[in-house]
Amino acid sequence: MNTREVTIFVQSWLKEKGLYHGEIDGDFGPKTLAAIDAIDQIPKDWSARRKLVGMLQYVTTQFGQNPGKLDGFFGPNTQYAYENSLLIAKTGNQPEIWRPEEISTKPSPWPKQYSSAFKDFYGPKGSSLVFANTPYPLKIAWNPNQQINRFTCHAKVKDSVERIFEKVLNHYGLERIQDLRLDYFGGCYNDRPIRGGTLPSMHSWAIAIDFDPINNQLRWGREKATFAKPEYEAWWRIWEEEGWVSLGRQRNFDWMHVQAAVL
């Protein structure tokens, strides 16, 4: 637990409620302690550190979180409640649901990867290739000075891809798309094995697309990948409404990648 950061969080809440009149400086001194002692839920006979943690636990409940028992001990439940409360305080948004068990419950129109149904649906690798058009320019991720307005994909995903890009533009607008680097195109058709394996990549059928690979690298999880941040929730929701699968959202790696095939 970072005592200074927790103290700042607690001081900010107490000051907002008119219970603390000192500086928000992360100094857990007499003024902060006196403000905590004014809260009936925090026992007066606890140690100073335990009062701080207990106050943190209480504040997280005011953000709708569940830190477990209000006992003044900083365990995993308190940490999770604290992290969620920080996000709510900063953005005003509830934390995103990221567990794969709860993300894509809508039946997918796409077949399971590598299955017999998959082969029947898409045919051989590299077959039925067409161009998908985009309503805004895409930058080639490894050469941003080069821009495109169409790319090669499988004929059976073309309409879905074009709908998705239109929805993304309608939701975010071009300026926000560029700010979030949603226009950094990492490729679609590429007949190659999966990285870290031997099976053909979904790119070999031109039914997978990568975006902003430099900031969403293959081995990066949600702690590091930019596409795991809350501002990308709508981006993923738009893809998932069309049945596409994010490896980042489902498996917590390769956040750049989205595919028209169930895992």
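In what order do the six strands of the open sheet lie? In this predicted model, the order is S2-S1-S3-S4-S6-S5, and the pairing is mixed. Strands S2 and S5 form the edges, each pairing on one side only; S5 covers residues 245–246. Between S4 and S6 (residues 257–259), which run antiparallel, there are three bridges. Within S6, valine 258 stands opposite isoleucine 209.

**Nonpolar cores**

The largest nonpolar core contains 43 residues. Phe151, Ile209 and Trp244 have the most contacts inside this core. The elements tabulated below each supply at least two of its residues.

| Element | Residues |
|---|---|
| Helix H6 | 116–122 |
| Strand S1 | 129–140 |
| Strand S2 | 143–154 |
| Helix H7 | 155–172 |
| Strand S4 | 208–211 |
| Helix H9 | 233–241 |

Helix H7 provides the largest share of this core, namely six residues. A second core, separate from the largest one, has 17 residues, including Ile39, Leu52, Leu56 and Tyr82.

**Packing around helix H7 and Phe151**

Helix H7 lies across strands S1, S2 and S4. Its direction makes an angle of about 20 degrees with S1.

Which residues does phenylalanine 151 contact, when its neighbours within four places in sequence are left aside? The contacts are Val130, Phe131, Ala132, Thr134, Leu138, Val161, Phe165, Phe185, Cys188 and Ile209. Ile209, one of these contacts of Phe151, is also among the residues with the most contacts inside the largest core, and it is the residue that stands opposite valine 258 in S6.

How values were computed
Residues numbered from 1 in each chain as written. Predicted model: local features only at pLDDT ≥ 70, side-chain atom pairs only at ≥ 80, totals over all residues. Heavy atoms only, no water. Core = buried A, V, L, I, M, F, W, Y, C linked by side-chain atoms within 4.5 Å. Buried < 20%, exposed > 50% of the residue type's maximum accessible area, 1.4 Å probe, protein only. Helix = DSSP H or I, 4+ residues; strand = E, 2+ residues; numbered from the N terminus. Contact = heavy atoms within 4.5 Å. Pairing = 2+ DSSP bridges. Axes fitted to C-alpha atoms, helices over the stretch in contact; angles between N-to-C directions.
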